[in-house]
Amino acid sequence: MPLDHRLAPEHEELRRTVEEFAHDVVAPKIGEFYENHEFPYDIVRQMGEMGLFGLPFPEEYGGMGGDYLALGLALEELARVDSSVAITLEAGVSLGAMPVFRFGTEEQRREWLPKLCSGEMLGAFGLTEPECGSDAGGTRTTAVRDEKTGEWVINGSKCFITNSGTDITGLVTVTAVTGRKPDGAPLISSIIVPSGTPGFTVAAPYSKVGWNASDTRELSFSDVRVPGENLLGEEGRGYAQFLRILDEGRVAIAALATGLAQGCVDESVAYARTRKAFGKAIGENQAIQFKLADMEMRSHTARLAWRDAASRLVAGEKFKKEAALAKLYSSEIAVTNAREATQIHGGYGFMNEYPVARMWRDSKILEIGEGTSEVQRMLIARELGF
């Protein structure tokens with residue numbers, strides 16, 4: 001009996017709903033936000049009202065009671081139209097809210113998750129540092145407990161942090177060295193830092209190549225004091241916690257990358273049917289048809305990969321290798337499809353009024369964020385026993 005990869009009715013209904021939202025609401029507006037480097041607050045608000053930020057969380061915390069497959073479906077459909085909106089959702093859920101859900105106390109969950117699930121508030125994930133990218137274990141930010149007050153005193157900086165400086169950002173979960181092991185290795189812990197805490201400075205937005213309608217900034221902490229109970233999970237377990245969060249996040253990024261790759265197919269098929277050269281539609285040329293066939297093949301395979309990883313995650317099975325495979329493959333084929341889509345569009349593919357121009361600019365970061373392609377290959381090799 002063949003395996004059935006079709007979606008359950010509730011997942012298919014969600015996919016269609018987000019597909020309609022992406023085409024009817026996001027597509028007509030996002031180009032202007034992108035060109036002006038503006039965060040699309042109204043679109044994000046509507047996403048919150050739809051429950052997208054609460055998709056994988058239990059209803060008791062204001063979530064939708066769904067799972068990571070549901071989140072992936074939403075991300076793929078959004079990214080078929082625009083990746084800035086998709087990464088805002090991905091970072092808000094996978095990196096902003098998920099650490100609180102996975103590792104927070106019941107009190108922390110009830111304090112933060114309802115607003116994060118509604119989209120009323122965004123959370124951010126403060127891991128990467130200017131001198132510590134792929135080597136997240138080299139964290140230099142420190143947090144020292146004040147013996148008199150019990151507060152954590154945080155000093156250091158973070159970079160490339162998504163959703164960290166919007167008007168609705170409510171918290172950043174920061175990794176910091178809180179002590180040393182007997183062998184001198186750092187004890188890295190996770191601490192919730194609410195926005196607006198004195199000494200917590202959010203820099204101006206980066207000038208980026210892509211994702212121009214999303215929020216990305218550098219953060220600095222100068223004697224930032226937060227209550228002792230803002231520790232997220234066990235002291236010294238922050239690095240391990242975030243490795244788990246990154247494994248899950250790679251499934252989400254794979255879904256987003258698949259969406260971008262499929263969006264390149266969508267735009268190119270439509271263009272090839274209407275664009276005429278030498279007296280006929282360019283889609284009648286076999287060279288173009290073969291490009292489109294290869295692009296569709298890549299998107300289809302990437303979709304199978306991320307859904308496989310998501311299904312393992314949801315089932316409680318091991319998924320580290322499958323997540324790395326999906327993230328690696330989908331991000332690389334997103335770049336390839338974006339390049340081919342630009343080529344099919346010719347000169348128009350170089351014009352920002354065409355969505356493929358955004359897709360080309362947005363694709364490259366997918367091979368870097370949440371673990372570079374080199375890191376994914378390293379993880380896969382480890383899982384193979386090396």
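Glu106 and Arg110 both sit in helix H5, which covers residues 106–118, and they are 4 residues apart, about one turn of the helix. That makes a handy place to start looking around this structure, which is a predicted model. The two side chains form a salt bridge, with their closest N and O atoms 2.8 Å apart. Glu106 is partly exposed, at a relative accessible area of 37%, and Arg110 is partly exposed too, at 47%.

**Charged pairs**

Side chains of opposite charge can pair when their charged atoms come close. In this model the count comes to 28 salt bridges. Here are three of them, with the gap between the closest N and O atoms.

| Acidic residue | Basic residue | Closest N and O atoms |
|---|---|---|
| Glu106 | Arg110 | 2.8 Å |
| Glu248 | Arg244 | 2.7 Å |
| Glu35 | Arg361 | 3.9 Å |

Take the Glu248 pair next. Glu248 and Arg244 belong to helix H6 and are 4 residues apart, so about one helical turn separates them. Is Glu248 buried or exposed? Glu248 is buried, with a relative accessible area of 0%. Its partner Arg244 comes out as partly exposed, because its value of 34% falls between the 20% and 50% cut-offs. Elsewhere, salt bridges that share partners tie Glu12, Arg15, Arg16, Glu19, Glu77, Arg80 and Asp266 into one network.

The Glu35 pair has another story to tell. Glu35 and Arg361 form a salt bridge with their closest N and O atoms 3.9 Å apart. This one links distant parts of the chain: Glu35 is in helix H1 (residues 9–36), Arg361 is in helix H9, and their positions lie 326 residues apart in the numbering, counted as 326 residues apart. Both ends have some access to the surface. Glu35 is partly exposed at 39% relative accessible area, and Arg361 counts as partly exposed at 25%.

**The largest pocket**

Now for the open space. The largest pocket has a volume of about 1200 Å³. It is lined by 44 residues, and the closest to its centre are Thr128, Ile368, Gly369, Glu370 and Gly371. Which elements give two or more residues to the lining? They are helix H4 (83–103), strand S1 (122–126), strand S3 (152–162), helix H6 (238–274) and helix H10 (373–383). H6 supplies the largest share of that lining, with 6 residues. H6 is also the helix that holds the Glu248 and Arg244 pair.

**A nonpolar patch on the surface**

Over on the outside, Tyr348, Phe350 and Met351 make a nonpolar surface patch of about 340 Å². Where does Phe350 lie? Phe350 is in the loop between helix H8 (320–345) and helix H9 (355–363). Phe350 counts as exposed because its relative accessibility is 66%, and exposed means over 50%. Helix H9, at one end of that loop, is also where Arg361 is found.

**Cysteines**

A disulfide is a covalent bond between the sulfur atoms of two cysteines. How many disulfides does the model have? The count comes to 0 disulfides. As for individual cysteines, Cys117 is buried, with a relative accessible area of 2%. Cys264 counts as buried as well, at 0% relative accessibility.

Conventions
Residues numbered from 1 in each chain as written. Predicted model: local features only at pLDDT ≥ 70, side-chain atom pairs only at ≥ 80, totals over all residues. Heavy atoms only, no water. Patch = residues over 30% accessible without salt bridge, like charges linked within 9 Å, V, L, I, M, F, W, Y side chains within 5 Å. Areas by Shrake-Rupley, 256 points an atom, 1.4 Å probe, with all protein chains shown as cover. Salt bridge = Lys/Arg side-chain N within 4 Å of Asp/Glu carboxyl O. Buried < 20%, exposed > 50% of the residue type's maximum accessible area, 1.4 Å probe, protein only. Disulfide = S-S within 2.5 Å. 1 Å grid on protein atoms, 1.4 Å probe; cavity = no way out; pocket = protein on both sides within 12 Å on 5 of 7 lines; lining within 4 Å. Points joined across faces, edges and corners; volume = space filled by probe spheres on them.
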